Structures are given as structure tokens and as C-alpha cells.
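Q: I am new to protein structures and would love a close look at a single part of this one. Could you take me through its aromatic rings and what surrounds them?

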Amino acid sequence: VQLQASGGGLVQAGGSLRLSCAASGRTGSTYAMGWFRQAPGKERSFVAAISWRGGNTYYADSVKGRFTASRDNAKNTVYLQMNSLKPGDTAVYYCVATTFPYESMYYYSDYANYDYWGQGTQVTVSS
């Protein structure tokens, strides 16, 4: 499975960006996709996940109410709409996919549980 992320950029605080991640290859083996981010000098952290089948979404507390994950099954693409961006959201955002067949926030929030990673896309929020 290959993941191609896009949509990052520079935005002022309070602004919005939408990230996209297109999956190709054996996408039928994946059950959910998600987003992690990594800021300079910090560890990777979970942002959001969405299941392919039910479209159920899971979010880190730090982005709840501001970020929205969605999917387009026909296009094998997931999106992350990011609103009310803060300078603390500045990071490289990574798209991920997992073959784990059960939905679990505990599982989704651990980057070690993802089988596929896309290249990162930089999001920079200026104050």
C-alpha cells in the first residue's frame, strides 16, 4: 500500500488547511487510516484516525473540535480538515494506514500499530 499525502503549507493562526492522503495498491487490506504529526524536537503524536467501513473517527484531545477526518471510499482517499489552527499545530504531518481489523482508540493512538506510512507534509502555523 502506498500513501501520498498533500495539502500542507503555511497559514496564519486561526486559519484552515485541508490535508489529503490518497492510498493505492492493496488498499483492501487496510481497515483504517490516520494522521500523526511530529514537531521539531518532539516525538510523533497521534492526531486522528478514521475507519474505512463505518467512517468512525477518533481524535487526540488537542485537536478535538478543530480537526475533522473524513474519507472518500471510492477514491481511497482520506482528508483532515484543520480549522482554528494554532502555532502549536506546526509539525510534519504523516498519513498512516493499518490492517488491524478492530476499531480501538487505544490501538489507533500508537504509531507502532500502523503498517504503512506516507511521506510527511509540512504544516506551519504563524502567530
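A: Here is a walk from the whole chain to its aromatic rings, and then to two residues elsewhere in the chain.

This is a predicted model, in which local features need pLDDT of at least 70 and side-chain atom pairs count only at pLDDT 80 or more, while totals for chains, interfaces and linings use all residues. Residues are numbered from 1 along each chain as its sequence is written, and side-chain values use heavy atoms, with hydrogens and water left out.

Let's start with the frame. The protein chain has 1 helix and 11 strands; helices (H or I, at least four residues) and strands (E, at least two) are DSSP runs, numbered from the N terminus. Read from that end, the order is β-β-β-β-β-β-β-β-β-α-β-β. The C-alpha trace spans about 40 × 25 × 25 Å along its principal axes. Of the 127 residues, 43% are buried. Here buried means under 20% relative accessible area, exposed means over 50%, and partly exposed lies in between (1.4 Å probe, protein chains only). Among contacts with a separation of 6 or more, 58% join residues 24 or more positions apart, where contact means heavy atoms within 4.5 Å.

Now for the rings. A pair of aromatic rings is described by the distance of the centres and the angle of the planes. Rings of Phe, Tyr and Trp (its six-membered ring) pair if their centres lie within 6.5 Å; planes under 30 degrees apart count as stacked, over 60 as edge-to-face and the rest as tilted. In the whole structure, a search finds 9 aromatic pairs. One of them joins Phe 36 and Trp 117: the ring centres are 5.6 Å apart and the planes stand at 45 degrees, so the pair is tilted. Because Phe 36 sits in strand S4 (residues 32-38) and Trp 117 in strand S10 (residues 116-117), this pair ties together parts that are 81 residues apart in sequence. Phe 36 counts as buried, at 1% relative accessibility, whereas Trp 117 is partly exposed, at 29%.

Another pair is formed by Tyr 58 and Tyr 108, with ring centres 5.1 Å apart and planes at 70 degrees, so the pair is edge-to-face. Tyr 58 belongs to strand S6 (residues 57-59) and Tyr 108 to helix H1 (residues 105-108), so parts that are 50 residues apart in sequence are tied together. Both Tyr 58 and Tyr 108 are buried.

Back at Phe 36 and Trp 117, there is a wider group to find: together with Phe 46, Tyr 94, Tyr 111 and Tyr 114 they form one aromatic cluster.

Trp 117 also leads us to Leu 3, a residue of strand S1 (residues 2-6). Leaving out residues up to four places away in sequence, Leu 3 touches Trp 117 as well as others including Tyr 116, Gly 118, Cys 21 and Cys 95. Leu 3 is buried, with a relative accessible area of 8%. Its C-alpha atom is separated by 19 Å from that of Leu 17, 14 residues apart along the chain.

Last comes Ser 20, in strand S3 (residues 17-24). Ser 20 is buried too, with a relative accessible area of 18%. Apart from neighbours within four places in sequence, its contacts include Gln 4, Ala 5, Ser 6 and Trp 35.
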